[in-house]
Amino acid sequence: MDTKNDKNSSGACKFAVISGFLGAGKTTLMMALTRYCSERFGKAAMISNDLGEGVTLADHKLASLEGCSALQITGECICFCLDELRERLRSCREEGCELLLSDIPGFGVGAQEHVYHGLARDCSGQLQLAPFTVLIEPEQLALLRDGKAGDMGFILDAQLREADLIVLSKCELLSDGERDEALAWLGERYPWTRQFAVSAKTGAGLEELCLALREGSASLRRPEIDYDAEELQKAMGSLSEYYLQYRALVCCEDFDGSAYLLELAEEIRRAVREERAEIPHLKLLAWTPEGDYGKVDLLGTERPVILTRDFERPCTDLAVLLNASAVCPDETLDRLLGEAVETVSRRYRLELTVHRKDHFGLGD
Ligand SMILES: Nc1nc2c(ncn2[C@@H]2O[C@H](COP(=O)(O)OP(=O)(O)O)[C@@H](O)[C@H]2O)c(=O)[nH]1
Ligand SMILES: [Mg+2]
């Protein structure tokens with residue numbers, strides 16, 4: 001059995017890309033893996049990557065609040081800023097990191113080619129590429145299987161085609177039979193991959209996945225994907241990104257931060273649905289100067305709002321991050337989210353100061 005001092009099979013730092021669609025559970029899994037590996041083997045760290053320029057990513061802040069060794073790369077997909085990624089990898093290695101994980105934006109494809117082949121070209125013996133890992137969650141898998149994923153189906157499929165290792169995430173939501181059936185379908189459709197069922201929530205499957213990342217190697221396959229396909233351009237072109245960072249001062253002593261975030265998510269869900277738009281992932285993260293925090297997620301207007309983390313006590317001063325990826329024109333998204341924040345914050349009589357906003361359409 002491994003002890004904390006055991007190095008992975010080579011003694012080098014292992015790096016893995018964790019890909020997968022918006023809301024698949026990449027950040028949550030990276031936090032769980034980072035923690036699991038750090039406790040048992042040696043230092044592990046995670047990079048959150050997204051397109052917002054000059055912002056603190058909700059994913060990065062969450063990982064930091066959870067005590068993970070966390071970095072972020074913003075403003076560009078890691079596919080197109082390899083030098084920055086190399087620099088992060090180098091400093092992590094120098095700090096004795098054994099395992100380093102990075103996600104890519106949730107609609108991203110192409111990291112097998114750009115990141116893995118890019119790094120393989122100049123990878124020193126001190127860095128090894130772990131299997132390229134792609135998550136898919138049960139609901140997204142059901143849509144893909146039933147041909148009901150719409151324009152996003154092309155992205156889901158392309159991401160899985162890039163995988164060396166497929167993780168069926170949130171597996172505690174499935175019965176054993178459903179889980180086995182889903183894994184069998186994935187194995188049949190993507191036969192070059194290994195498949196794992198993992199729950200970051202219960203820890204099921206983490207040990208096997210951790211072993212596969214530490215011991216396994218990247219295949220460096222060149223997947224059969226038409227990256228210029230019209231379907232891909234269409235899906236990408238319909239997406240917009242929104243990042244808002246603000247401070248909320250509270251007038252009463254019994255303000256419930258979780259209730260505020262839940263109400264805000266419900267208001268956004270209602271407004272986006274009324275607009276006949278979609279919001280595959282909305283993240284609302286808020287924290288107090290004392291370090292208490294809450295998080296709410298929304299994974300589409302047809303799904304219930306999720307209280308991912310509840311505040312422990314009432315608060316008077318909140319920093320809030322709102323990150324959203326939506327199938328909606330950029331200006332409309334800006335208007336809808338701005339109005340929702342204003343409406344719900346007024347209800348709670350909050351005094352807001354906006355620190356940073358960035359938003360854009362991916363087709364622009
Ligand atoms: N039930 C359950 N929910 C999960 C699990 N992993 C992640 N989630 C939830 O799924 C939502 C999206 O997760 P996140 O890690 O942000 O997804 P990402 O967009 O792929 O990084 C959050 O509300 C998570 O708490 C899991 O193993 N089980
Ligand atoms: Mg994430």
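**Exercise 1. Overall size**

Task: Determine what radius of gyration this predicted model has, and what a compact globule with 364 residues would have.

Solution. Start with the chain length. For 364 residues, a compact globule would have a radius of gyration near 21 Å. Next, take the value for the protein, which is 20 Å. The two agree. Then turn to the box along the principal axes. The C-alpha atoms fill roughly 55 × 45 × 40 Å. Finish with the secondary structure: the protein has 11 helices and 14 strands.

**Exercise 2. Two domains**

Task: State where the domains lie, how many residues of each touch the other, and what kinds of residue line the side of domain 1 that touches domain 2.

Solution. First, set the bounds. Domain 1 covers 13-230, and domain 2 covers 239-361. Second, take the centres over C-alpha atoms; 26 Å separate them. Third, count the contacts. Domain 1 contributes 15 residues, and domain 2 contributes 17. Fourth, sort the domain 1 side by character: eight residues are nonpolar, five are polar and two are charged.

**Exercise 3. α10 against α11**

Task: Classify the packing of helix α10 and helix α11, and list the residues that make the contact.

Solution. Two packed helices are described by the angle between their axes and the distance between the axes. Locate the helices: α10 spans residues 257-274, and α11 spans residues 330-347. Their axes are 9 Å apart, at an angle of about 140°. Now apply the cut-off. Angles over 145 degrees count as roughly antiparallel, and 65 to 115 as roughly perpendicular. The pair α10 and α11 is therefore oblique. The crossing of α10 past α11 is right-handed. From α10, the contact uses Y260, E263, L264, E267, I268, A271 and V272. From α11 come L336, L337, E339, A340, V341, T343 and V344. By character, this contact holds 10 nonpolar residues, one polar and three charged.

**Exercise 4. α6 against α9**

Task: Work out how α6 and α9 are oriented, and which hand their crossing has.

Solution. Helix α6 runs over residues 152-161, and helix α9 over residues 230-237. The angle is about 115°, and the axes lie 8 Å apart. The helices are therefore roughly perpendicular. As α6 passes α9, the crossing is left-handed. On α6, the contact residues are M152, F154, I155 and A158; on α9, they are E231, L232 and A235. Six of the contact residues are nonpolar, none is polar and one is charged.

**Exercise 5. α1 against α8**

Task: Find the angle at which the axes of α1 and α8 cross, and the character of the contact residues.

Solution. Take helix α1 at residues 26-40 and helix α8 at residues 206-215. The axes cross at roughly 80° and come within 10 Å. So α1 and α8 are roughly perpendicular to each other. Helix α1 supplies A32, L33, Y36 and C37, while α8 supplies L206, L209 and C210. Sort these residues: seven are nonpolar, with no polar and no charged ones.

How values were computed
Residues numbered from 1 in each chain as written. Chains lettered and ligands numbered in written order. Predicted model: local features only at pLDDT ≥ 70, side-chain atom pairs only at ≥ 80, totals over all residues. Axes fitted to C-alpha atoms, helices over the stretch in contact; angles between N-to-C directions. Helix = DSSP H or I, 4+ residues; strand = E, 2+ residues; numbered from the N terminus. Parallel < 35°, antiparallel > 145°, perpendicular 65-115°, else oblique. Left-handed = near helix turned anticlockwise from the far one by under 90°. Contact = placed C-beta atoms within 7 Å. Nonpolar A, V, L, I, M, F, W, Y, C, P; charged D, E, K, R; others polar. Domains from an automatic or database assignment. Rg over C-alpha atoms; globule rule 2.2 N^0.38 Å.
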